[in-house]
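Here are my notes on the structure you asked me to look over. Have the sequence and the 3D view open while you read, and try to find each spot for yourself.

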Amino acid sequence: PFILFSGSWDATIRVWNVAEARCLHVAHEHHADVYGIASHPQRPFMLVSSSRDTTLRFWVFEDLVRPLLVQCLAQPYAFGEALGGGVEELMQTMCAPPAAPDSLGPPKLYGQASRELAAALQQLPVAFGHPVPLEAYRRILSFF
């Protein structure tokens, strides 16, 4: 969903909505410059940060994607619709001037883990008139 995480010399970690050019959250738990941020390869809203205060801090920002989680649980086989395009689309979005929130369209997920989940969901058996397999819900919940 056009989310960017940044660490700064003012000891904060900021969560940005790049498409709307606004800050969504500021975390003040570090006590010195934030030197690095890395996300989990399979759970992109779990992060670790390092600081000059000699600490590592772990973060979970799953609330940012809760609307997407609800959408995906309601329609598991439509998960592919939540996927963004490639790096080019992401860069165009990040470099574009701020857009009005109602002109952005639905939030999108980018990255390898998102594409792998979409492919795994497409491989699950689908039977017309039958409930969605529990495996689909398990995979979606473990992703988010």
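The numbered points below start with the whole chain and then go to particular places.

1. First, keep in mind that this is a predicted model. The protein has 4 helices and 6 strands. Walk along the chain from the N terminus and you meet them in the order β-β-β-β-β-β-α-α-α-α.

2. Now some overall numbers. The protein has 144 residues, and 33% of them are buried. Its accessible surface is about 8700 Å², with 60% of that belonging to carbon and sulfur atoms. Take the contacts with a separation of 6 or more: 50% of them are between residues 24 or more positions apart.

3. Let's go to the strands. Strand β4 covers residues 34–39 and strand β5 covers residues 46–51; the two run antiparallel and are joined by 5 bridges. Together they form a hairpin, with 6 residues between them. If you'd like one partnership to look for, try I37, whose bridge partner in β5 is S49.

4. How many aromatic pairs turn up in a search of the whole structure? There are 2. One of them is F5 with F61, a tilted pair with 5.2 Å from centre to centre and 40 degrees between the planes. This pair links distant parts of the chain, as its two residues are 56 residues apart. F5 sits in strand β1 (residues 3–7), while F61 is in the loop between β6 (56–60) and α1 (66–74). F61 also pairs with W59, and that pair is stacked: 6.1 Å centre to centre, with 10 degrees between the planes.

5. Put those rings together and you get one aromatic cluster made of F5, W59 and F61. Is the cluster's W59 buried or exposed? W59 has a relative accessible area of 11%, so it counts as buried. F61 is buried too, at 9%, and F5 is likewise buried.

6. Next, the helices. Helix α3 (residues 112–123) and helix α4 (residues 134–143) have axes that come within 10 Å and cross at roughly 175 degrees. Because of that angle, α3 is roughly antiparallel to α4. On the α3 side, the contact is made by A113, S114, L117, A120 and L121. On the α4 side, A136, R139, I140 and F143 take part.

7. Stay with S114 for a moment, which lies in helix α3. Its relative accessibility is 1%, so S114 counts as buried. Which residues does S114 touch, leaving out those up to four places away in sequence? They are F79, L83, L109 and F143. F143 is also one of the α4 residues in the helix contact above.

8. Last, have a look at two backbone angles. Most residues other than glycine have a negative phi. A11 is not a glycine, yet it has a positive phi of about 70 degrees. T54 is not a glycine either, and its phi is also positive, at about 70 degrees.

9. Where do these two residues sit? A11 is in the loop between β1 and β2 (13–17), and T54 is in the loop between β5 and β6. Their surroundings are worth checking as well. A11 has 10% relative accessibility, so it counts as buried. T54, at 73% relative accessibility, counts as exposed.

Note on methods
Residues are numbered from 1 along each chain as its sequence is written. This is a predicted model: local features need pLDDT of at least 70, side-chain atom pairs count only at pLDDT 80 or more; totals for chains, interfaces and linings use all residues. Side-chain values use heavy atoms; hydrogens and water are left out. Buried means under 20% relative accessible area, exposed over 50%, partly exposed in between (1.4 Å probe, protein chains only). Contact means heavy atoms within 4.5 Å. Accessible areas come from the Shrake-Rupley method with a 1.4 Å probe; for residues, only the protein chains shown count as cover. Rings of Phe, Tyr and Trp (its six-membered ring) pair if their centres lie within 6.5 Å; planes under 30 degrees apart count as stacked, over 60 as edge-to-face and the rest as tilted. Two strands pair if DSSP finds at least two bridges between them. Axes are lines fitted to C-alpha atoms, for helices over the stretch in contact, and angles run from 0 to 180 degrees between N-to-C directions. Angles under 35 degrees count as roughly parallel, over 145 as roughly antiparallel, 65 to 115 as roughly perpendicular and the rest as oblique.
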